[in-house]
Amino acid sequence: MTFDFDLIVIGAGAAGLTCAITAKGFGKSVLLIEKNRTGGECTWSGCVPSKALINISKEINSARKYCDFVPDTRKIMKDVKKVIEDVYSHETPEVLEKTGINFLEGEAEFTENKTIKIGENTFSGKSIIIATGSSPFVPPIPGINTVEYLTNESLFLLEEIPKSMIILGGGAIGVEMAQALNRIGVEVHLVEMLDNILFREDQEFAHILREKLIDEGVNIHIKTKAVEVKKNNNTIILTVEKDGQKSELSAESMLVAVGRKPSTASLKLENAGIEYNKKGIEVDKHLETNIHNIYAVGDVVGPYQFSHMANYQGIIAVQNALTPLKKSIDYSNVAWTTFTQPELASAGMSEKEAREKHDNIHIYSLKRDELDRAKTKKDDIFNVKIICDHKKKILGAQILADRAGELICEIQAMKSNGLSLDKLAGVIHPYPTYAEAFSKLGKKAYVDKLMDNPVVSLIKSIKH
Ligand SMILES: Cc1cc2nc3c(=O)[nH]c(=O)nc-3n(C[C@H](O)[C@H](O)[C@H](O)COP(=O)(O)OP(=O)(O)OC[C@H]3O[C@@H](n4cnc5c(N)ncnc54)[C@H](O)[C@@H]3O)c2cc1C
Ligand SMILES: NC(=O)c1ccc[n+]([C@@H]2O[C@H](COP(=O)([O-])OP(=O)(O)OC[C@H]3O[C@@H](n4cnc5c(N)ncnc54)[C@H](O)[C@@H]3O)[C@@H](O)[C@H]2O)c1
């Protein structure tokens with residue numbers, strides 16, 4: 001059987017772009033289909049605009065320590081859009097076509113398992129990769145459809161920012177946006193139904209971060225459930241329930257950020273017999289669906305909804321789809337960062353997970369007052385936790401600090417290469433840096449390892 005393309009990729013977000021570029025690198029013919037704009041969520045309504053807004057809000061926050069002023073949110077939003085345009089300029093259909101990728105704009109659906117339909121046209125692919133991402137989940141709170149709520153898809157399209165905002169959901173989006181919006185002058189109410197923000201993170205560090213946000217002026221309502229939404233003139237009124245007591249929060253606008261739903265509806269997966277559930281498309285360890293040569297990657301698959309995971313999965317899926325070598329996905333070395341200030345970065349296991357999986361773990365931690373660099377900045381928050389097994393092999397790490405997302409990469413590199421923490425003991429780190437914390441912890445691990453050595457134990461016992 002002959003095919004129109006070696007590979008058809010549906011969706012040109014982080015995952016789909018990686019797939020198309022990687023396949024082209026293998027010298028294969030590729031058709032990339034996108035119904036909206038190339039770049040997907042990360043460029044238009046996710047990582048890029050959120051980090052641009054966070055950066056601006058940091059600058060405003062620093063300046064505000066020394067003088068008071070009202071930020072111009074029209075100018076802020078214009079600058080956020082400029083950043084989006086800059087990133088997009090490197091991934092436009094024209095740029096992609098120059099690399100030899102065939103690009104088609106349109107909504108793709110399966111007609112059968114080798115054939116995709118876009119409008120009136122059908123195309124066959126020897127292999128197909130689904131990379132259609134996710135969209136915001138909107139909870140069925142009574143009255144929600146009677147108000148014009150925002151999601152990440154509409155927030156960054158605003159020309160100016162409302163003066164007050166209710167944010168529903170204290171996850172990654174809610175917390176990052178709560179701090180950034182509050183810093184640019186928005187009165188923020190963050191509503192989270194669990195007993196802390198950032199439920200996936202180390203809860204001790206999430207607690208410190210929560211206190212910091214409250215200190216900055218964010219109104220955080222934990223253990224609080226949204227029960228009804230209504231509108232009164234230009235005000236959104238959210239009825240919430242906490243400990244059985246109802247009360248009302250009001251604001252000009254409301255951002256819904258309570259998780260994602262996979263984008264499967266438009267694909268007509270049934271026509272190809274592809275299995276999926278409400279969490280997304282089901283794949284095996286090779287990222288292959290139940291249908292041979294149809295793969296799925298990125299947010300539409302999970303379990304981690306990050307751009308870097310979309311990239312990682314994309315490369316593996318292409319390799320498996322186009323070459324005889326089958327590579328398994330490995331989620332044992334995942335790292336991520338929540339871009340608040342301070343940032344909260346994680347690699348591998350949390351302390352809780354490590355305790356569940358290992359009998360004998362050792363936590364190496366270091367706080368602000370043990371590190372000169374942190375002490376040089378007034379009010380700096382600095383917390384590191386590195387979780388090791390009994391041989392000091394790194395199982396996981398969490399860092400709550402400025403630029404924690406950069407700092408975690410040193411530990412991530414060590415962990416991914418199976419190195420133990422004591423190996424950092426002899427590595428010279430410049431003084432005074434935040435990263436010096438790692439060589440200090442490496443030295444502690446080195447001494448502990450030495451003490452665990454049977455020869456040292458024997459000498460110690462003889463001496464005693
Ligand atoms: C506010 C926010 C901030 C974030 N910040 C970060 C961050 O800092 N770091 C990080 O790693 N991650 C971050 N993320 C997560 C990250 O954006 C996603 O994990 C990533 O973009 C997923 O990429 P994807 O390619 O799987 O999906 P998407 O980027 O959603 O791409 C899917 C594409 O498929 C297209 N599509 C869907 N159906 C069809 C169809 N039938 N036919 C044709 N095209 C179709 C869509 O239009 C879309 O362009 C953030 C997310 C949000 C919402
Ligand atoms: N820096 C980053 O890497 C980054 C930033 C933003 C988003 N993301 C990705 O996007 C994904 C989605 O982010 P998100 O913040 O929408 O989801 P999330 O799953 O991270 O958090 C959603 C939060 O909403 C709460 N919630 C759910 N229903 C609620 C309700 N009815 N009332 C009050 N609270 C409710 C949940 O308890 C949870 O804490 C993240 O999981 C992450 O993968 C990553």
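**Close-up 1. The annotated dimerisation domain, residues 334-439, in the predicted model**. According to the unreviewed UniProt entry, residues 334-439 carry the annotation "domain: Pyridine nucleotide-disulphide oxidoreductase dimerisation". In this predicted model, the C-alpha atoms at the two ends of residues 334-439 are 22 Å apart, and helix accounts for 26% of the span while strand accounts for 28%.

**Close-up 2. The packing of helix α3 against helix α4**. Helix α3, made up of residues 47-64, packs with helix α4, made up of residues 73-88, at an angle of about 135°, and the axes of the two helices are 9 Å apart. Because of that angle, α3 is described as oblique to α4, and the crossing of the two helices is right-handed. From α3, the residues Val-48, Pro-49, Ala-52, Leu-53, Ile-56 and Ile-60 take part in the contact, and they meet Ile-76, Asp-79, Val-80, Val-83, Ile-84 and Val-87 of α4. Sorted by class, the residues in this contact between α3 and α4 comprise eleven nonpolar, no polar and one charged.

**Close-up 3. Thr-264 and Lys-268 in the loop between β15 and β16**. Thr-264 sits in the loop that runs between β15 (260-262) and β16 (276-277), and because its relative accessibility is 12%, Thr-264 counts as buried. When neighbours within four places in sequence are set aside, the residues in contact with Thr-264 are Leu-269, Tyr-276, Ile-281 and Val-300. Lys-268 is likewise found in the loop between β15 and β16, and its phi is near 50°, a positive value in a residue other than glycine. With a relative accessibility of 39%, Lys-268 counts as partly exposed.

**Close-up 4. Asn-293, with a positive phi, in the loop between β17 and β18**. The loop that holds Asn-293 lies between β17 (280-281) and β18. Phi of Asn-293 is near 70°, which is a positive value in a residue other than glycine, and at 13% relative accessibility Asn-293 counts as buried.

**Close-up 5. Cis peptide bonds at Pro-303 and Pro-432**. Gly-302 and Pro-303 are joined by a cis peptide bond for which omega is about 0°, and Pro-303 itself lies in the loop between β18 (294-296) and α9 (307-322). The peptide bond from Tyr-431 to Pro-432 is also cis, with omega near -10°, and Pro-432 is placed in the loop between α12 (404-416) and α13 (436-452).

Notes. Residues are numbered from 1 along each chain as its sequence is written. Chains are lettered from A and ligands numbered from 1 in the order in which they are written. This is a predicted model: local features need pLDDT of at least 70, side-chain atom pairs count only at pLDDT 80 or more; totals for chains, interfaces and linings use all residues. Side-chain values use heavy atoms; hydrogens and water are left out. UniProt positions are given in the numbering used here, feature names are shortened, and annotations may be inferred rather than shown by experiment. Helices (H or I, at least four residues) and strands (E, at least two) are DSSP runs, numbered from the N terminus. Buried means under 20% relative accessible area, exposed over 50%, partly exposed in between (1.4 Å probe, protein chains only). Contact means heavy atoms within 4.5 Å. Axes are lines fitted to C-alpha atoms, for helices over the stretch in contact, and angles run from 0 to 180 degrees between N-to-C directions. Angles under 35 degrees count as roughly parallel, over 145 as roughly antiparallel, 65 to 115 as roughly perpendicular and the rest as oblique. A crossing is left-handed if the near helix is turned anticlockwise from the far one by less than a right angle, and right-handed if clockwise. Ala, Val, Leu, Ile, Met, Phe, Trp, Tyr, Cys and Pro count as nonpolar, Asp, Glu, Lys and Arg as charged, and the others, Gly among them, as polar.
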